[in-house]
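Me: I have a new model open and would like to learn how to read it. Could you walk me through it?

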Amino acid sequence: MGALSFLLKLFKLKPAWNGTPEMFLAMVMEMQSRNNQEFSVREVSQWGEVMQKVIKVNLAPYKDFADLMAHGQPDFTMVEKLRGKMDELNNRRALKQAIYGKNVDLGDDDVMKSNSESAVFARKMVKDLAEHVQFSPEEQKKLDELDH
C-alpha cells in the first residue's frame, strides 16, 4: 500500500467514483446533513463541488453537479450500507471502552491509528478535503499530524 500511496501522491491521481451519479448525490447529501442538520441546496452544491475536487466522478448523463441536483433522484442504497457499517463500528468501540475503559487500544476500530486499507483511505480523503474545506483549529491540528 505504501508504494501505491506514493505513486498516487506523485501523479496527484484522484480516486474514481465507482457508483452512479445518483449514489454520488446521495453521499454528498449525507455529508451535508452530517455537517448541518438543516437541508441547504447551497451547501449540498458546495459539498458536491468540493468532493469532485478530490474524487473523479463521471456525472453522465448529467452535464454537471447542478444538473444532477436538479434532475437526479438520489440513490441512498450505499449511504444506508455506510450508516450500518458506521453504527457497527461505533457499537464495537463503545463496547470495548465499556469493558476495558476509555483508554483502551481500539486496534483497527480506531481510524486515526489503524493501518487497514480503509482507514488509510479515509485519512487520505480527509487530508485531501482539508485543502478545500476549513476545519476548526483543533481538527486542523489533528489533520496536520496525519501521515495518511
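**Reading the fold**

Reply: Happily! The chain has seven helices and zero strands, where helices (H or I, at least four residues) and strands (E, at least two) are DSSP runs, numbered from the N terminus. Read along the sequence, the pattern is α-α-α-α-α-α-α. This is a predicted model, in which local features need pLDDT of at least 70 and side-chain atom pairs count only at pLDDT 80 or more, while totals for chains, interfaces and linings use all residues. Residues are numbered from 1 along each chain as its sequence is written, and side-chain values use heavy atoms, with hydrogens and water left out.

Me: What share of the residues in the chain is buried?

Reply: Buried means under 20% relative accessible area, exposed over 50%, and partly exposed in between (1.4 Å probe, protein chains only). Here, buried residues account for 30% of the 148 in the chain.

Me: How do I check the length of a helix?

Reply: The expected span is 1.5 Å times one less than the number of residues. Helix 2 has 15 residues and reaches 21 Å from its first C-alpha to its last, close to the 21 Å expected. For the 14 residues of helix 3 (residues 41-54), the span should be 20 Å, and the end C-alpha atoms are 21 Å apart, which agrees.

Me: Which elements do the buried residues of helix 2 pack against?

Reply: For packing, look at contacts, meaning heavy atoms within 4.5 Å. The buried residues of helix 2 pack against helix 3, helix 4 and helix 5 (77-100). Among those buried in helix 2 are Phe24, Leu25, Met27 and Val28. In helix 3, the buried residues include Val44, Trp47, Val50 and Met51.

Me: How many aromatic pairs does the structure hold?

Reply: Rings of Phe, Tyr and Trp (its six-membered ring) pair if their centres lie within 6.5 Å; planes under 30 degrees apart count as stacked, over 60 as edge-to-face and the rest as tilted. The structure holds two such pairs. In one, tryptophan 17 meets phenylalanine 24 edge-to-face, at 5.4 Å centre to centre with 75 degrees between the planes. Phenylalanine 24 also pairs edge-to-face with phenylalanine 65, at 6.0 Å centre to centre and 90 degrees between the planes. Phenylalanine 24 lies in helix 2 (residues 21-35) and phenylalanine 65 in helix 4 (residues 65-71), so this pair ties together parts that are 41 residues apart in sequence. Trp17, Phe24 and Phe65 form one aromatic cluster.

Me: Are those three rings buried or exposed?

Reply: Tryptophan 17 is buried, with a relative accessible area of 16%. Phenylalanine 24 is buried at 0% relative accessibility, and phenylalanine 65 is buried at 0% too.

Me: What should I look for around a buried charge, such as aspartate 67?

Reply: Look for a salt bridge, a side-chain nitrogen of Lys or Arg within 4 Å of a carboxyl oxygen of Asp or Glu. Lys and Arg count as positive and Asp and Glu as negative; His and the chain ends are not counted. Aspartate 67, found in helix 4, is buried yet has no salt bridge; the nearest side chain of opposite charge, lysine 63, is 5.8 Å away. Not counting residues up to four places away in sequence, aspartate 67 touches Tyr62 and Gly72.

Me: Where is there a cis peptide bond?

Reply: A cis bond joins alanine 60 and proline 61, with omega about 15 degrees. Proline 61 sits in the loop between helix 3 and helix 4.
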